[in-house]
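Let's take a walk through this model, starting with contacts between charged side chains and then moving on to the pockets and the surface.

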Amino acid sequence: MAGLLEGKTIVVMGVANERSIAWGITKSLHNAGAELIFTNRQERSAQKLQKLLEKDGIEPKAMVNCDVESDESIEAAFAEIKEKVGVIHGLVHSLAFAKKEELQGEYASTSREGYLLAQNISAYSLVAVTREARKLMTEGGSIVTQSYLGAERVIQNYNVMGVAKAALESSVKYLAEDVGKDGIRVNAISAGPIRTLAAKGVSGFNEKTAVIEEKAPLRRNVDQDQVGDATLFLISDMARGITGEVIHVDSGYHIIG
Ligand code: N5H
């Protein structure tokens, strides 16, 4: 896919370590010739990312601090990006958070605070970053976020995150309508279970991957690189006719009843 993103500048939000879905995406976008800008909330993640980039010989255009819980931080991050590169062509949103204690037991026990926190970081953040990124997408653009089947179906333990992903997928559609007039597309990928730092320690993860091996049409789990290549497709002009869509990268599991 070399050259598919030559001359394009893409912002990637959400690399925590080498197991991050956003890291799989980074490799795909880089191999296609994209210039990359990264945002991190924590200095610790930024340092880890710096090492990963060095190891793979990837030279970032910029590394910017961004806390998606704060509008001021988002505005400042995109102002900094504007100053450094002027125009961007893509944005990868690969962030989510929910309290660990609310990713088990009954959804009915979700606290108001935990509900709002999950919605804030996992769903509203896409709205806020789309608003800022749009201003820098003066040549059109493509925005891609990450979802999971728990948005569509009741999946044990996913609970408050399922409701947040439902809001995220719906936001993809409403945002696609808003920014479509500026030549900007908004889509989501719904990936099968992938062992990331965020997934670490959550209840029931192993059973989910075992079921995929048994029941998904392809009889195997997906990985970060497969999500990376699907994201590359959505970011590129190959997907110029696609917006407001959720593409499942899940070995076909979602079609099985
Ligand atoms: C049905 C499942 C298994 C149960 C649910 C898992 C949900 C995971 C998503 C959230 C984002 C995980 C999370 O926020 C964990 C945090 O409370 C603690 N972890 C952290 O703070 C780490 C250090 C950082 C890196 O995490 C974050 N979020 O920044 C779903 C699985 C089969 C599939 C899956 C794991 C889906 C998904 O949405 O990630």
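A salt bridge here is a side-chain nitrogen of Lys or Arg within 4 Å of a carboxyl oxygen of Asp or Glu. Keep in mind that you're looking at a predicted model. By that rule, the count comes to six salt bridges, and three of them make handy landmarks.

Start with Asp182 and Arg134, whose side chains meet at 2.6 Å, N to O. Asp182 sits in the loop between α5 and β6, while Arg134 belongs to helix α4, so this contact links distant parts of the chain, 48 residues apart. How open are the two partners? Asp182 has 37% relative accessibility and therefore counts as partly exposed. Arg134, at 30%, gets the label partly exposed as well.

Next up is Lys27, which pairs with Asp225; here the closest N and O atoms are 3.3 Å apart. Lys27 is in helix α1 (residues 21-31) and Asp225 in helix α7 (residues 224-235), so the bridge ties together parts that are 198 residues apart in sequence. Lys27 comes out at 26% relative accessibility, so it is classed as partly exposed. Asp225 is partly exposed too, because its relative accessibility is 37%.

The third landmark joins Glu69 and Arg41, with an N to O distance of 4.0 Å. Both residues are in loops: Glu69 between β3 (62-65) and α3 (71-85), Arg41 between β2 and α2, so the pair ties together parts 28 residues apart in sequence. Glu69 has a relative accessibility of 38%, which means partly exposed. For Arg41 the value is 46%, which again means partly exposed.

Now for the pockets. Which residues lie nearest the centre of the largest pocket? They are Ala96, Thr196, Leu197, Ala198 and Ala199, out of 49 residues that line it. The volume of this largest pocket is about 1,600 Å³. Several elements contribute to its lining: β2 (35-40), α2 (43-55), β5 (141-147), α5 (159-180) and α6 (205-215) each supply at least two residues. The largest share comes from α2, with three residues. If you're thinking about the chemistry of this lining, it splits by class into 24 nonpolar, 15 polar and ten charged residues.

The second largest pocket has a volume of about 280 Å³. It is lined by 17 residues, and Tyr148, Leu149, Ile155, Lys208 and Tyr253 are the closest to its centre. Here β6 (184-191) and α6 each provide at least two lining residues, with α6 giving the most, four residues. You may remember α6 from the lining of the largest pocket, where it also supplies at least two residues. Sorted by class, the lining of the second largest pocket has nine nonpolar, four polar and four charged residues.

Finally, have a look at the surface. Tyr107, Tyr115 and Leu116 form a nonpolar patch there, and together they have about 280 Å² of accessible area. Tyr115 is placed in helix α4 (residues 112-136), the helix that also holds Arg134. At 30% relative accessibility, Tyr115 is counted as partly exposed, because that label covers what falls between the buried limit of under 20% and the exposed limit of over 50%.

Terms used. Residues numbered from 1 in each chain as written. Predicted model: local features only at pLDDT ≥ 70, side-chain atom pairs only at ≥ 80, totals over all residues. Heavy atoms only, no water. 1 Å grid on protein atoms, 1.4 Å probe; cavity = no way out; pocket = protein on both sides within 12 Å on 5 of 7 lines; lining within 4 Å. Points joined across faces, edges and corners; volume = space filled by probe spheres on them. Nonpolar A, V, L, I, M, F, W, Y, C, P; charged D, E, K, R; others polar. Patch = residues over 30% accessible without salt bridge, like charges linked within 9 Å, V, L, I, M, F, W, Y side chains within 5 Å. Areas by Shrake-Rupley, 256 points an atom, 1.4 Å probe, with all protein chains shown as cover. Buried < 20%, exposed > 50% of the residue type's maximum accessible area, 1.4 Å probe, protein only.
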